[in-house]
Amino acid sequence: MCPRGASTTCNRNARAAHPRTSVGLSRDGRWLYIIVVEGRLPGFEGYTLNQLARLYRSLGVRDAINLDGGSSTTLVINNKRINVLPSRQLFLERSVANQFGVRDTAVR
């Protein structure tokens, strides 16, 4: 959550439901969880940071970090967007300056 004395923006973003992108590590260090929470959809507006923390706790994750949120939250698997593009973006991908990526290098 936001540190004591944090800006109003920090507190508002933490308490409001938004799309979220986050990662967490299982207690034993064996599993890395990458969670992308959908949002900005009719009937589903995302998660608050508390909801995201409770989800990680239910998975047995002790340490997690919220990376980003809002309309830049995107999950792509095998070059295909998995989550829904927010309707306000008019079918255009939003440019972002960074990413968190995982590459499977296993021989198949």
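In this predicted model, a residue is called buried when its relative accessible area is under 20%, exposed when that area is over 50%, and partly exposed in between.

Q: Why is threonine 73 called buried?
A: The relative accessibility of threonine 73 is 3%. The cut-off for a buried residue is under 20%, so threonine 73, at 3%, counts as buried. Threonine 73 is placed in the loop between strand 3 (61–69) and strand 4 (76–77).

Q: What makes the link between the side chains of threonine 73 and threonine 21 a polar contact?
A: The two side chains are joined at 3.1 Å. A polar contact requires a pair of N or O atoms within 3.5 Å, one able to donate a hydrogen and the other to accept it; the pair at 3.1 Å is therefore listed as a polar contact.

Q: Which residues are in contact with threonine 73, leaving aside its neighbours within four places in sequence?
A: They are Pro19, Arg20, Thr21, Val36, Val37, Asp68, Arg81 and Asn83. Contact here means heavy atoms within 4.5 Å.

Q: How do you know that arginine 20 is buried or exposed?
A: Arginine 20, placed in strand 1 (residues 20–26), has a relative accessible area of 5%. Since buried means under 20%, arginine 20 is buried. A polar atom of the arginine 20 side chain lies 2.9 Å from the backbone oxygen of tyrosine 47.

Q: What makes the pair of phenylalanine 44 and tyrosine 47 an aromatic pair, and why is the pair called tilted?
A: The structure holds one aromatic pair. Phenylalanine 44 and tyrosine 47 form that pair, with 6.1 Å centre to centre and 55 degrees between the planes. Ring centres must lie within 6.5 Å, and 6.1 Å meets that condition. Planes under 30 degrees apart count as stacked and those over 60 as edge-to-face; an angle of 55 degrees falls in neither class, so the pair is tilted.

Q: Why are phenylalanine 44 and tyrosine 47 called partly exposed?
A: Phenylalanine 44 has a relative accessibility of 33%, and tyrosine 47 has one of 23%. Partly exposed covers values between the cut-offs of 20% and 50%; phenylalanine 44 therefore counts as partly exposed, and so does tyrosine 47.

Q: How do you know that the buried residues of helix 2 line one face of the helix?
A: The buried residues of helix 2 (residues 49–58) are Leu49, Leu52 and Tyr56. Seen down the helix axis, these residues fall within an arc of 60 degrees, so they line one face. Arg57 and Ser58 are exposed on the other side of helix 2. Just after the helix, glycine 60 takes a positive phi of about 85 degrees.

Q: Which residues lie nearest the centre of the second largest pocket?
A: Leu49, Leu52, Ala53, Tyr56 and Ala64 lie nearest its centre, out of 13 lining residues. Helix 2 and strand 3 each supply at least two residues of that lining. The space in this pocket is about 310 Å³.

Q: Why are asparagine 78 and asparagine 79 called exposed?
A: The relative accessible area is 74% for asparagine 78 and 80% for asparagine 79. Exposed means over 50%, so asparagine 78 is exposed, and asparagine 79 is exposed as well. Asparagine 78 is placed in the loop between strand 4 and strand 5 (80–81), where asparagine 79 is also found. Although not a glycine, asparagine 78 has a positive phi of about 50 degrees; asparagine 79, likewise not a glycine, has a positive phi of about 65 degrees.

Notes
Residues are numbered from 1 along each chain as its sequence is written. This is a predicted model: local features need pLDDT of at least 70, side-chain atom pairs count only at pLDDT 80 or more; totals for chains, interfaces and linings use all residues. Side-chain values use heavy atoms; hydrogens and water are left out. Helices (H or I, at least four residues) and strands (E, at least two) are DSSP runs, numbered from the N terminus. Buried means under 20% relative accessible area, exposed over 50%, partly exposed in between (1.4 Å probe, protein chains only). The arc is that of the directions from the helix axis to the C-beta atoms. Rings of Phe, Tyr and Trp (its six-membered ring) pair if their centres lie within 6.5 Å; planes under 30 degrees apart count as stacked, over 60 as edge-to-face and the rest as tilted. On a 1 Å grid over the protein atoms alone, a cavity is a set of points where a 1.4 Å probe fits but cannot get out, and a pocket is an open set with protein on both sides within 12 Å along at least five of seven lines; lining residues have an atom within 4 Å of a point. Grid points are joined across faces, edges and corners, and a volume is the space filled by probe spheres set on the points.
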